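Biologist: Please pick one spot in this model and look at it closely. What sits around it, and what lies beyond?

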Amino acid sequence: MIRELRITDVDRVAEIWLDTNLQAHDFIPAEYWEGNYMAVREMLPRAEVYVYKGKRGGAGVEQSGSEREEILGFIGLNGEYIEGIFVSHEAQSCGIGKALMDHVKERKQKLLLSVYKKNRRALNFYRREGFCIGEEKTDGDTGEQECLLVWEKNPKIKT
């Protein structure tokens, strides 16, 4: 189930943000992510954030027993710009990222995001989702190369 962020979700969402960044960006010192944790946590309630809630074990996989649903991923937006899409490590490759992306594609005509070039897994995911590289630049905070990616619902045909 995908729904808007609630104030009671902030701790879990911030935890997913930190854990996922640490795992996906091992080429950036952990202190960078840890140093930004509180600022991100404070911004979450003021942002456009959608969470994916489900049972551990993956999207569409019903667990037996009394396991309760929990937040397994989220996507944050600032207008057309995707600030980030994060899926907890144990729930990756189960369709949650795609479900979150489809959710925002239904609501927007155009989406933009930046991704580090070294994060090949994310870059491949966005390309599968129809994003094209708009430009390449250096992130001033980390010194890492990143790509600005663009998706349009109805792209203009160039002649």
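Modeller: First, a term: helices (H or I, at least four residues) and strands (E, at least two) are DSSP runs, numbered from the N terminus. My spot is Asn119, in the loop between S5 and H4. Keep in mind that this is a predicted model: local features need pLDDT of at least 70, side-chain atom pairs count only at pLDDT 80 or more, and totals for chains, interfaces and linings use all residues. Residues are numbered from 1 along each chain as its sequence is written, and side-chain values use heavy atoms, leaving out hydrogens and water.

Is Asn119 buried or exposed? Its relative accessible area is 10%, so Asn119 is buried (under 20%; exposed is over 50%, partly exposed in between; 1.4 Å probe, protein chains only). Leaving aside neighbours within four places in sequence, Asn119 is in contact (heavy atoms within 4.5 Å) with Ala24, His25 and Phe27.

Now look at the two flanking elements. Strand S5 (110-116) and helix H4 (120-128) each give two or more residues to the largest nonpolar core. Such a core is a set of buried Ala, Val, Leu, Ile, Met, Phe, Trp, Tyr and Cys residues joined through side-chain atoms within 4.5 Å. This core has 24 residues. Ile82, Met101, Leu111, Val115, Tyr126, Phe131 and Leu149 touch the most other members. Other elements giving two or more residues include strand S4 (81-87) and helix H3 (96-105). Another core, of 17 residues, lies apart from this one; Leu5, Val13, Val51 and Phe86 are among its residues.

Finish with Tyr126. Beyond four places in sequence, Tyr126 is in contact with Ile85, Met101, Leu113, Val115, Phe131 and Leu149.
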